[in-house]
Amino acid sequence: MYKEIDLDRIDTTGLPPENDPERQYFFLAKCREQVHGLEQKRGRKLRACVVNMGCQMNARDSEKLAGILEAIGYELTEDEASDFLIFNTCTVRDNANQKVYGRLGEANGYKRRNPGMMIALCGCMMQEEAVIQRLRKSYSFVDLIFGTHNLYKFAELLYAAYEADGMIIDIWKDTDKIVEDLPVQRKYPFKSGVNIMFGCNNFCSYCIVPYVRGRERSRRPEDILKEIRNLVADGVVEVMLLGQNVNSYGRNLDEPITFARLLQEVEKIEGLLRIRFMTSHPKDLSEELIEVMKRSSKICRHLHLPLQSGSTRILEQMNRRYTREQYEELALRIRREIPDIAITTDIIVGFPGETPEDLEETMDVVRRVKFDNAFTFIYSKRTGTPAAAMENQVPPEQVRQGFDRLLRLVQETARDQVSKHQGSVMSALMEEVNGNDPKLITGRLSNNTIVHVPGDASMIGKILPVSLDECHGFYYMGHIAE
Ligand code: SAH
Ligand code: SF4
Ligand code: F3S
């Protein structure tokens, strides 16, 4: 386990070890010497800032980056005008992508004022060749660029960047390697994401993730369980198991195991109180999983089940491999079997060839399934995906109108669903001081609904009974029930 590694005892004078993670421990020690030298030169501690721009998986990766930066001696800060700034990027939609260039421009301003500053980029967007070309050409002030497959090598790459003059770029096309036991700095002491698999094999026709995250690879169950036990020993009460399609977990292992079986093993871990997971592809959601969820006292009453579209014709074009009827049947069965569950979803509006009738079908599914929350996205054309080459792209005005109609409906159904619990008392994990009002603490119910209650920071990390007084759409105002 990384915690038992003493960087001071690593001999940094010789050659680096061949194997990971030992090789990375060697570079951690080397980087620490560098940071120490810089501290002495500048007469102060160095500060590093990790900016996460993507999904939960990226957020977890950012915690790994932060863990390494902290291990080598940086103080972590949220101030981008720091000594080391790294953007962990997302490219799932073009707007995520555009933001990066703007933020880089600002970062260059900070660097002019602090010439010793280093700027790094990593994450999904770096896996795109056109992006790298643009960065190479117009953003020469960037010191280090790497991708999603070699994040475990961050210490080694950072060391190379300290030594180099110009930009260091290291992007791999794919990998089958999973390196365990590297440092991690969690954002929350009491909850944590846990990767159970990497990559995706589904190739939904609009989606860039399989191209930038590579093929699906599952971690071994014993490694996952060991990580969770260590997290629990370190104060974690809730884990979120992460994968692009958790329902296909374990299929490619030497000793195959189902996701439902893995959940049962996780459930046995003493001291762990809540289990969440993300994301479930409807085509692979098994009867066994529903059974396990139903019987479990730790698995949260929340299922994120992306619909994408309610039109079977569009679903086929999207390569989702289920029909509208199959989705509805599945969602309604889950509601019957686990009545207190919240079902949330993702929907894309404006996929090539989508007609107002197709959208009407999507709205019908929303009315029937009554999602507790839905993330609606305007289709974004991603270069290299099959959908980008489709000719019948929908005019932006039509998309915008459809999007607005869908959003209104989704908000109505979500409000109806969420408000059902008004007046009742439910358990909430108290997560943080409310950003707008420091007298309020924000908690999360098992079904993922947010509740704000009067309180103080001493409540954070505890699961407390909360009275749900007033529903405000997606969240509640409440108070701690005695
Ligand atoms: N693996 C998850 C989703 C990962 S991406 C799953 O299959 O459910 C998160 C969401 O982004 C997707 O569910 C989809 O709704 C949305 N998305 C992905 N590609 C998109 C694109 N090209 N345009 C708009 N939304 C997209
Ligand atoms: Fe993208 Fe589909 Fe894979 Fe989800 S399952 S990451 S939407 S390709
Ligand atoms: Fe974005 Fe990569 Fe996640 S593209 S959604 S950060 S897997």
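**Exercise 1. Determine how domain 2 and domain 3 are placed relative to each other, beginning with the distance between their centres.**

Solution. Taken over C-alpha atoms, the centres of domain 2 and domain 3 are 25 Å apart. The structure is a predicted model, in which local features need pLDDT of at least 70 and side-chain atom pairs count only at pLDDT 80 or more, while totals for chains, interfaces and linings use all residues. Residues are numbered from 1 along each chain as its sequence is written, chains are lettered from A and ligands numbered from 1 in the order in which they are written, and side-chain values use heavy atoms, with hydrogens and water left out. Next, place the bounds, which come from an automatic or database domain assignment: domain 1 spans 2–170, domain 2 spans 191–419 and domain 3 spans 425–480. Finally, look at the contacts (heavy atoms within 4.5 Å), where 17 residues of domain 2 meet 17 residues of domain 3.

**Exercise 2. Describe the surroundings of ligand 1, from its shell of residues to its polar partners.**

Solution. Start with the shell, counting a residue as near if one of its heavy atoms lies within 4 Å of the molecule; of the 15 residues around ligand 1, Gln244, Pro306, Gln308, Asp346 and Ser380 come nearest. Then sort the shell by residue class, which gives 7 nonpolar, 4 polar and 4 charged residues. Here Ala, Val, Leu, Ile, Met, Phe, Trp, Tyr, Cys and Pro count as nonpolar, Asp, Glu, Lys and Arg as charged, and the others, Gly among them, as polar.

Now list the N or O partners. An oxygen atom of ligand 1 lies 2.9 Å from an N or O atom in the side chain of arginine 93, one of its nitrogen atoms is 2.7 Å from an N or O atom in the side chain of glutamine 244, and a nitrogen atom of ligand 1 is 2.8 Å from a polar backbone atom of serine 380.

**Exercise 3. Work out whether threonine 12 is buried or exposed, and which residues it contacts.**

Solution. Because its relative accessibility is 11%, threonine 12 counts as buried, a class that means under 20% relative accessible area, with exposed over 50% and partly exposed in between (1.4 Å probe, protein chains only). Leaving aside neighbours within four places in sequence, threonine 12 is in contact with Phe26, Ala29, Lys30 and Glu33. As a last step, compare sequence with space: threonine 12 and proline 210 are 198 residues apart in sequence and 38 Å apart, C-alpha to C-alpha.

Technical notes: A polar contact is a pair of N or O atoms within 3.5 Å; within protein, one must be able to donate a hydrogen and the other to accept it, and residues adjacent in sequence count only if both atoms are side-chain atoms.
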